[in-house]
Amino acid sequence: MSTISTHILDTALGKPAAGVAIRLEQKNADDWLPLAQGVTNADGRLGDLTPQALAAGHYRLTAAIGDYFAAGGRDALYVTAQIDFAIAAHGGHYHLPFLISPWSWSTYRGS
């Protein structure tokens with residue numbers, strides 16, 4: 001069983017991205033099942049996205065970065081940033097940060 005946390009950093013401003021809506025979904029046979037949602041805190045973190053452990057499977061984590069940039073009066077190329085990932089059977093904690101700017105985004109598996 002696994003847990004998920006995330007952190008969003010606005011690399012263009014060099015600061016955490018506060019107030020970004022995050023959604024976690026799991027792939028089932030035909031569609032995506034919503035599991036959890038939340039908003040990043042003042043430090044750009046969402047540490048309690050999965051208060052209950054997740055089973056092995058196919059998931060996606062979506063950040064509404066377009067709304068974040070619009071709230072700051074900045075145009076952005078991407079409306080959302082989405083990490084499509086698989087959790088292995090052995091479990092563990094998955095920290096999946098987003099590095100965002102109005103013209104790009106990236107991710108990595110943190111600790």
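A charge is said to sit over a ring if NZ of Lys or CZ of Arg is within 6 Å of the ring centre and within 35 degrees of the ring normal. With that in mind, select Arg109 and Tyr94: the charged end of Arg109 sits over the ring of Tyr94, 3.9 Å from its centre.

Before going on, note that this is a predicted model, in which local features need pLDDT of at least 70 and side-chain atom pairs count only at pLDDT 80 or more, while totals for chains, interfaces and linings use all residues. Residues are numbered from 1 along each chain as its sequence is written, and side-chain values use heavy atoms, with hydrogens and water left out.

Next, select residues 4-110, which UniProt lists, in an unreviewed entry, as "domain: Transthyretin/hydroxyisourate hydrolase"; UniProt positions are given in the numbering used here, feature names are shortened, and annotations may be inferred rather than shown by experiment. Over residues 4-110 the chain is 7% helix and 49% strand, and the end C-alpha atoms are 11 Å apart. Helices (H or I, at least four residues) and strands (E, at least two) are DSSP runs, numbered from the N terminus.

Now colour the strands of the open sheet, where four strands follow the order β4-β3-β6-β7 with antiparallel pairing; two strands pair if DSSP finds at least two bridges between them. The edge strands are β4 (32-39) and β7 (81-87), each of which pairs on one side only.

Start with β3 (residues 21-27), which pairs with β4 in the antiparallel sense over seven bridges, and follow the hairpin that joins β3 to β4 through four residues. On its other pairing, β3 is joined to β6 by five bridges, again antiparallel. Arg23 is a useful residue to select here, since Arg23 stands opposite Gln37 in β4 and also opposite Thr62 in β6. Moving on to β6 (residues 57-63), you will find seven bridges joining this strand to β7, with the two running antiparallel; His58, for example, has Ala86 of β7 as its bridge partner.

Turn next to the aromatic rings, of which a search of the whole structure finds three pairs. Rings of Phe, Tyr and Trp (its six-membered ring) pair if their centres lie within 6.5 Å, and planes under 30 degrees apart count as stacked, over 60 as edge-to-face and the rest as tilted. Select Tyr59 and Phe85: their ring centres are 5.9 Å apart and their planes at 25 degrees, so the pair is stacked. Tyr59 lies in strand β6 and Phe85 in strand β7, so this pair ties together parts that are 26 residues apart in sequence. Both Tyr59 and Phe85 are buried, a word that means under 20% relative accessible area, with exposed meaning over 50% and partly exposed in between (1.4 Å probe, protein chains only).

Then select Tyr68 and Phe69, whose ring centres are 5.1 Å apart with planes at 65 degrees, so the pair is edge-to-face. Tyr68 is buried, with a relative accessible area of 12%, and Phe69 counts as buried at 0% relative accessibility.

For the last stop, select His7, Arg45 and Tyr108, which are covered by the UniProt annotation "binding site" in an unreviewed entry. His7 has its place in strand β1 (residues 2-10) and is buried, with a relative accessible area of 10%. Leaving aside neighbours within four places in sequence, His7 is in contact (heavy atoms within 4.5 Å) with Asp43, Gly44, Arg45, His95, Leu96, Pro97 and Phe98.
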